[in-house]
Amino acid sequence: MTRASSASAPLAAPDPELPADALDAADPLAALVSRFAPAGDVVSYLDGNSLGRPLTATSGRIEGFLRHDWGTRLIRSWDERWMDLPTVLGDRIGAAALGAAAGQTVVGDSTTVLLYKAIRALLAARPDRHEIVIDDDQFPTDRFVVEGIARERGATVRWVHVDPTLGVTVDLLADVVGPDTAVVLVNHVSYRSGYVADMAAITELVHAAGALVLFDLCHSVGVVPMRLDEWGVDVAVGCSYKYLNGGPGAPAFLYARRDLLPTLEQPIQGWMGAADVFAMADGYTPAPGIRRFISGTPPVVGMLPLHDMLDLVEEAGIDAIRAKSLALTDYAFALVDAWLGPLGVTVATPRAAELRGSHVTVTHPSFRAVVAALWEEGVVPDFRNPDGLRIGLSPLSTTFAEVRVGIAAIRAALLAG
Ligand SMILES: *Cc1c(COP(=O)(O)O)cnc(C)c1O
């Protein structure tokens with residue numbers, strides 16, 4: 001099966017001794033880096049895959065919100081703009097980053113809560129089946145939510161064991177997906193290795209078995225292009241504070257396929273997801289469209305930075321963002337091979353362009369101490385148990401020079417330790 005995700009050609013692989021200047025000079029998105037707020041003492045931010053940086057424009061937006069939308073329009077703002085924000089922003093995320101037509105994406109809650117709602121809804125849509133399939137290297141919250149639902153609903157968890165330097169493949173899933181499978185949960189890009197799961201082929205496999213598929217897009221949205229509508233994905237959730245730079249705790253989003261939507265009933269039925277919000281009715285009737293996935297009052301304040309970030313993603317274009325991401329990860333690989341390989345560091349991320357997201361994970365027994373020392377110097381990658389250092393490359397805010405400074409600092413810390 002050929003992989004449907006198309007990768008744009010990266011820039012030519014650099015000679016690691018070449019300064020980064022030539023790469024920054026050739027970067028068509030270079031000018032956008034200056035839109036981000038100054039990062040103080042940080043000389044190399046390599047953790048945009050965990051918490052993206054803020055835009056300067058957002059401070060004006062927050063001030064205007066305090067003075068106008070909230071300060072003087074007060075409750076009138078619900079009618080004027082706030083009520084529709086979950087779907088207005090959802091549609092923008094869908095168009096800019098998901099390959100999703102309008103009316104299928106909504107913003108609200110955390111990824112964890114949306115995972116819960118989505119899995120419960122999908123499980124209920126396959127009442128004659130009792131298995132949830134998940135792999136053992138998924139992000140902890142995904143595993144915990146699945147285990148909790150299985151206990152609550154008397155469902156069975158079918159674990160797929162994966163190589164932690166890769167992720168879940170069609171072949172591994174083909175061994176376990178069958179007539180008892182209700183839902184298959186897949187992390188599109190592995191938070192550990194950066195491996196990109198084959199969304200189109202997995203969706204096809206799951207559907208052939210009569211089951212439903214849910215993708216967690218936290219580590220791919222805003223950086224790996226996808227075509228949810230075209231590939232027939234059932235439901236997807238993702239957060240907005242990683243590559244979408246929405247800010248700490250910014251609300252997550254949920255996509256549900258238009259023709260499946262009317263059959264999906266999520267368990268946290270609240271007034272804001274009802275067909276007529278202000279009817280104050282006796283009983284609950286879900287909204288006909290994607291609003292049925294909303295439960296309570298939308299997190300308006302938490303959505304503010306997303307407006308500016310979506311402007312930026314729309315301006316840059318997801319394909320250009322992917323091209324820069326591949327160029328950044330290529331450059332990181334070249335520097336890691338030249339400078340860290342000889343010190344005993346190994347690469348735990350697939351090297352093929354179509355198999356990798358936008359972070360590079362490297363391993364070494366000293367990395368826990370190395371990362372702590374680097375943070376003191378304003379070089380900020382992150383550490384993941386047991387011995388992984390993640391170099392997260394957020395294309396809109398990261399320069400090639402920063403990558404070079406960061407990897408040079410990792411080398412110096414290893415030599416010093
Ligand atoms: C970051 C991340 C989450 C985070 O969930 P929250 O509810 O926002 O804390 C979930 N899943 C994956 C795959 C992630 O990378």
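**Entry 1: the ligand**

I began at threonine 112, where a polar side-chain atom lies 2.5 Å from an oxygen atom of the ligand, a polar contact here being a pair of N or O atoms within 3.5 Å. I noted that the model is predicted, that local features need pLDDT of at least 70 and side-chain atom pairs pLDDT 80 or more, while totals for chains, interfaces and linings use all residues. Residues are numbered from 1 along each chain as its sequence is written, and side-chain values use heavy atoms, without hydrogens and water.

I then looked up two further contacts: an N or O atom in the side chain of aspartate 142 is 3.2 Å from a nitrogen atom of the ligand, and one in the side chain of histidine 219 is 2.8 Å from an oxygen atom of the ligand. Of the 390 Å² of accessible area that the ligand has on its own, the protein covers 87%, areas being computed by the Shrake-Rupley method with a 1.4 Å probe.

Next I listed the residues around the ligand, those with a heavy atom within 4 Å of it, and found among them Ser110, Phe139, Asn187, Tyr241 and Lys242. I sorted this shell into three nonpolar, six polar and three charged residues, with Ala, Val, Leu, Ile, Met, Phe, Trp, Tyr, Cys and Pro counted as nonpolar, Asp, Glu, Lys and Arg as charged, and the others, Gly among them, as polar. Helices α5 (111-124) and α6 (140-153) each supply at least two residues of the shell; helices (H or I, at least four residues) and strands (E, at least two) are DSSP runs numbered from the N terminus.

**Entry 2: helix α10**

I checked the length of α10 (residues 300-316): its 17 residues should span 24 Å, because the expected span is 1.5 Å times one less than the number of residues, and the end C-alpha atoms are 25 Å apart, which agrees.

Twelve of the 17 residues of α10 are buried, meaning under 20% relative accessible area with a 1.4 Å probe and protein chains only, where exposed is over 50% and partly exposed lies in between. The buried ones include Val300, Met303, His307 and Ala316, and their cover includes α2 (57-70), α3 (76-82) and α11 (318-340), contact being heavy atoms within 4.5 Å. Just after α10, I found glycine 317 with a positive phi of about 90°.

**Entry 3: helix α4**

I turned to α4, where eleven of the 14 residues are buried, including Leu85, Arg92 and Leu98. These buried residues pack against several elements, among them α9 (228-231), β8 (253-256) and α10. Just after α4, glycine 99 takes a positive phi of about 65°.

Technical notes
A polar contact is a pair of N or O atoms within 3.5 Å; within protein, one must be able to donate a hydrogen and the other to accept it, and residues adjacent in sequence count only if both atoms are side-chain atoms.
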